[in-house]
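Subject: Structure handover

Hello,

Here is the structure we talked about. Please open it alongside this message; my notes follow below.

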Amino acid sequence: MDGAITARDLSKRFLLRHNQAVELKVRFLALFHESKRETVEEFWAVRDLSVSISKGEAVGLVGRNGSGKSTFLKLVAGIYRPTSGHLFVPRDARIGTMIELGVGFEPELTGRENVFLSTSIHGLSRAETEAIYPAIVEYSGLDHFMDVPIKNYSSGMHMRIGFAISANLDPDILLLDEIFAVGDADFQQQCVRTIADFRNRGKTILFVSHEPEAVRSICDRVVVLDRGRLLFDGAVDEGLAQYADLSAQHSHQPGL
Amino acid sequence: MTDMVDRAAERSTIWSTIAGLARYRELLKNLVLKDLKLKYRGSVLGFLWSLVNPLVMMGVYTIAFKYILGSKVEGFVFFLLLGILPWGFFVGSTNMATRSITDSSDLMKSVRFPSAVLPIATVLFNFAQYLLTIVVFLPLMLVAQGVPLAASMLLFPVFLGLQVLFTVGVALVLAAGTVFFRDVRHLLEVALPILFWVTPIVYPLSQVPGPFRPLVLLSPLSSYIVAYQQIFYYRQWPSAEVWIVGAVYGCGALLLGMRFFLAVEDRLSEQL
């Protein structure tokens, strides 16, 4: 077994705090006012999820908003800690997250400086960054803008450089969250090409998307989540059909 | 089968945190450089601004204490310098550390990295500024006061190091604490002025009435500042009390700070 990612009875609970008392004043008022009192609601973003993803697979995660797709990615990435169950990932695997592009950029610094800052957030040394820097610049197509502060970049350029960095980090497991929701057609095509390239090189891909076309072009398997639980795990077309049914059902239900 | 790790069973320990920080030292360096660049880029006087603030403070306090209140301390400006600069380092570090994690919530929610890097980087940034100012002021003062070099001055870096450890410990608590209680920022605003007056910065420890002297020495920053004064102003070896208090506070704060940080670290990303 060469499972890249194995979840067994995986659950993640969030505590939704209404009237959350992050200020002492509110805590104090709560002593006297019922309405100010903090109430805690449990929210199981992922519930008893068991799924196994092999090395080199490209799996599409689909589901409605709040179904637990993004939470699952963040659990795999190690950003959140599971509440219960198990989640096995290879110890030394480099996990690339494209959850938000260009996060951690400093507007006042130049493109080049931001590349070096960003790669170090992902744990790269200076020498490692210097080795991939030319590739990042070429990939982004922003050769002439690397010594310009990022604050002067358009939002498209911002994304381009963010994606160029992520694409060149060479992860073993790639986590993609809705990155097609942004960017122009050119950018989207570049994304598709890059992801296809990752696939061909045998990288494991977890792809969260609402777009059936994107899922179909990238994934060879689909996992459908609903309210944190596994609803379907199998062939792409069947999974997408399930997801379409699910969406249709709920759009007909009044009050939901 | 490849070596697997269970995300549910991962636990940070002090050693794994230190190993993580060592692995992310490039990030630590870049964060410090980023703050230095942001501070000085685009300003004409640049680094000179870092010298202006202590100069103004020293001017004001000298007028108030020497000329109005008639302080008997000889070479008052020199004495003051040895307290004001490390004090400024502590104030700058704690203020910035308080915001260090809450201001990076996007980053915390989308990339995994040792989050202790953030408050530690703010301490190191302020430390770098402190070193730059002291490199300018200290030799000037030693020459102006005609102070001969002494072997005890070799101990200066030791106490600097202990003050950094102490400040890192405090910064870790403030940074993580602010995520859960936004009041930490306001509590700090109230605490710092009190701390200033119970630290022998504008008055020498010897002027404190006997019974209160141990209490003043036990205030968090006193041991470091008294050590700097003993080394440079009184030209003595640091006294035993100063050694003990400084070492216990430095190592104790770091240890407690790290334990607190480790205890809440997992919940930071979801609490933000």
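Strand 4 of chain A (residues 84–90) pairs with strand 1 of chain B. The sense is antiparallel, and the pairing runs over three bridges. One bridge to look up: Val89(A) has Val5(B), in strand 1 of chain B, as its partner. Keep in mind that this is a predicted model.

The chain contact as a whole takes 38 residues from chain A and 31 residues from chain B. On the chain B side, the elements that give two or more residues are strand 1 (4–6), helix 2 (25–40), helix 5 (105–110) and helix 11. Helix 2 of chain B supplies the largest share of that side, with six residues. By class, the side of chain B that touches chain A has 15 charged, 12 nonpolar and four polar residues.

Next, the helix packing inside chain B. Two pairs are worth a look.

Pair one is helix 7 (residues 156–180) of chain B with helix 11 (residues 240–271) of chain B. Their axes lie 7 Å apart, at an angle of about 25°. Angles under 35 degrees count as roughly parallel, so helix 7 of chain B is roughly parallel to helix 11 of chain B. The crossing is left-handed. The contact of these two helices has 22 nonpolar residues, six polar and no charged ones. Helix 11 of chain B also appears among the elements on the side that touches chain A.

Pair two is helix 4 (residues 76–100) of chain B with helix 10 (residues 222–233) of chain B. Here the angle is about 145° and the axes are 9 Å apart. This crossing is right-handed. Helix 4 of chain B contributes Phe78(B), Phe79(B), Leu82(B), Gly83(B) and Pro86(B). From helix 10 of chain B come Tyr224(B), Ile225(B), Tyr228(B), Gln229(B), Phe232(B) and Tyr233(B). Nine residues of this contact are nonpolar, two are polar and none is charged.

Last, confidence. The model scores ipTM 0.87 and pTM 0.90. Chain B has a mean pLDDT of 91, with 99% of its residues at 70 or more. Where in chain B is confidence lowest, and where is it highest? The low end is helix 3 (residues 48–68) of chain B, at a mean of 82. The high end is helix 7 of chain B, at 96.

Over to you.

Best wishes

Terms used
Residues numbered from 1 in each chain as written. Chains lettered and ligands numbered in written order. Predicted model: local features only at pLDDT ≥ 70, side-chain atom pairs only at ≥ 80, totals over all residues. Axes fitted to C-alpha atoms, helices over the stretch in contact; angles between N-to-C directions. Helix = DSSP H or I, 4+ residues; strand = E, 2+ residues; numbered from the N terminus. Parallel < 35°, antiparallel > 145°, perpendicular 65-115°, else oblique. Left-handed = near helix turned anticlockwise from the far one by under 90°. Nonpolar A, V, L, I, M, F, W, Y, C, P; charged D, E, K, R; others polar. pLDDT = per-residue confidence, 0-100. Contact = placed C-beta atoms within 7 Å. Pairing = 2+ DSSP bridges.
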